[in-house]
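Q: Hey, could you walk me through this one? I'm new to this, so plain words please.

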Amino acid sequence: VSGNSGVSTDDPASPSLMLTAQPNPASDRLFINYATRHANAEISLTNILGERLMSETHSAAGSGVVSLNTSALPAGIYNLSLSSGKTTVNRIVMIVR
């Protein structure tokens, strides 16, 4: 997993959390785009059984891209989430072989 932070999202009209994943379905690599107005946001990937496969915390508000190597994951449906405070955004991600 690798990532970087970008510009902060200071616009009060923007959603407090944004999360997208591309490509979806993915095979070997998934690019996770995120933005948060809050510090200590956590990105996590869980399988259908709820087992956490990946977790990464970003201490500063802002945006970035996380590159996730999915080549070792079996084909299936996964839950990608971004959580900060009491707010969580979820996306369904498919891994294909």
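**Salt bridges and the rest**

A: Sure, starting with charged pairs: there are 2 salt bridges, a salt bridge being a side-chain nitrogen of Lys or Arg within 4 Å of a carboxyl oxygen of Asp or Glu. This is a predicted model, where local features need pLDDT of at least 70, side-chain atom pairs count only at pLDDT 80 or more, and totals for chains, interfaces and linings use all residues. Residues are numbered from 1 along each chain as its sequence is written, and side-chain values use heavy atoms, leaving out hydrogens and water.

Q: Cool, which side chain does Asp28 meet in a salt bridge?
A: Arg97, at 3.8 Å from N to O. Asp28 sits in the loop between S2 and S3, while Arg97 is in the segment after S8, 69 residues apart. (Strands are DSSP runs of E, at least two residues; helices are runs of H or I, at least four; both are numbered from the N terminus.)

Q: Is Arg97 buried or exposed?
A: Exposed, because its relative accessibility is 54%. Exposed means over 50% relative accessible area, buried under 20%, and partly exposed in between, with a 1.4 Å probe and protein chains only. Asp28 is partly exposed, at 47%.

Q: And what does Arg52 pair with?
A: The side chain of Glu42, at 3.0 Å from N to O. Arg52 is in strand S5 (residues 52–58) and Glu42 in strand S4, so the pair ties together parts 10 residues apart in sequence.

Q: New topic: how many helices and strands does the protein have?
A: It has 0 helices and 8 strands.

Q: Which residues have the most contacts inside the largest nonpolar core?
A: Leu19, Leu30, Ile32, Ile43, Leu45, Leu80 and Leu82, in a core of 20 residues. Such a core is a set of buried Ala, Val, Leu, Ile, Met, Phe, Trp, Tyr and Cys residues joined through side-chain atoms within 4.5 Å. In soluble globular proteins, nonpolar side chains tend to be buried together.

Q: What does Leu45 touch?
A: Skipping residues up to four places away in sequence, its partners include Leu53, Met54, Leu68 and Leu80. A contact means heavy atoms within 4.5 Å.

Q: Last one: where does pLDDT stay under 50?
A: Over residues 2–11. pLDDT is the predictor's confidence in each residue, from 0 to 100. The protein's mean is 86, and 85% of its residues reach 70 or more.
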